[in-house]
Amino acid sequence: MMRGALLGCLALAALPPAAWGQGAEIGRREFLAGCAQCHGLTGQGDGILTPYLNPPAPDLTTIARDNDGIFPVGVLYEIIEGGGSTSAHGSSDMPAWGDRYSVEAYTLLGWPHEPEDREAFIRARILALVEYIASIQVE
């Protein structure tokens, strides 16, 4: 899974700055659709499902600060993709977001594109989400 994260990071770095802004908007939408219920609208871990979570959702706005000022793109990518380990989202086999970022989910739904297209689409969604989370970091 680290190979996918590395390729994704390289793809993001190769984009012109104008495309980064578009990715942030897509990432914001991804965040609101799949993350805000637990992590809150601002990413501070205060979503509407917080009372039901054990352990509680972490504050996503302090990832870089808690990591000596470095935002760990590859680690976050793997967690979202489902290949990383995090107790907050269960095992890597069944993260809380289920098949949201799974090629198999789109195959079952009959998505008419080639497997490579599906993988690229999912990687782009994950990268946009990672970019958005990077954009909400606080000092």
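Here is a short chat between a student and a tutor about the predicted model above.

Tutor: A word on the ground rules: in this predicted model, local features need pLDDT of at least 70 and side-chain atom pairs count only at pLDDT 80 or more, while totals for chains, interfaces and linings use all residues. Residues are numbered from 1 along each chain as its sequence is written, and side-chain values use heavy atoms, with hydrogens and water left out.

Student: How many helices and strands are there in the protein?

Tutor: Helices (H or I, at least four residues) and strands (E, at least two) are DSSP runs, numbered from the N terminus. Reading along the sequence gives α-α-α-α-α-α-α. So, with runs defined that way, the count is seven helices and zero strands.

Student: What share of the 139 residues counts as buried?

Tutor: Buried means under 20% relative accessible area, exposed means over 50%, and partly exposed is in between (1.4 Å probe, protein chains only). Of the protein's 139 residues, the buried share is 37%.

Student: Is C35 buried or exposed?

Tutor: The cut-off for buried is under 20%. C35 has a relative accessibility of 13%, so it counts as buried.

Student: Why is C38 not bonded to C35?

Tutor: A disulfide is a covalent bond between the sulfur atoms of two cysteines. Here it is taken as a pair of cysteine sulfur atoms within 2.5 Å, and the structure holds zero of them. C35 is in no disulfide, with the sulfur of C38 as its nearest cysteine sulfur. The sulfur of C38 is too far from that of C35 for a bond, because the gap is 8.6 Å.

Student: How far apart in space are E25 and Y132?

Tutor: E25 sits in helix α2, residues 17–34, and is partly exposed at 30% relative accessible area. In sequence, E25 and Y132 are 107 residues apart. In space, C-alpha to C-alpha, their separation is 7.5 Å.

Student: Which helix holds E119 of the negative surface patch?

Tutor: That patch is formed by E114, E116, D117 and E119. Asp and Glu count as negative, Lys and Arg as positive, and His and the chain ends are not counted. E119 is partly exposed at 33% relative accessibility. Its helix, covering residues 115–135, is α7.

Student: Where does L49 lie?

Tutor: L49 joins I48 and Y52 in a nonpolar surface patch with about 390 Å² of accessible area together. L49 is partly exposed, with a relative accessible area of 35%. Its place is the loop between α3 (36–39) and α4 (63–66).

Student: What makes a patch?

Tutor: Like charges are joined within 9 Å, and nonpolar side chains (Val, Leu, Ile, Met, Phe, Trp, Tyr) within 5 Å. A charge's place is NZ of Lys, CZ of Arg, CG of Asp or CD of Glu. Areas come from the Shrake-Rupley method with a 1.4 Å probe, and for residues only the protein chains shown count as cover. A salt bridge is a side-chain nitrogen of Lys or Arg within 4 Å of a carboxyl oxygen of Asp or Glu, and patches are made of residues with no salt bridge and over 30% relative accessible area.
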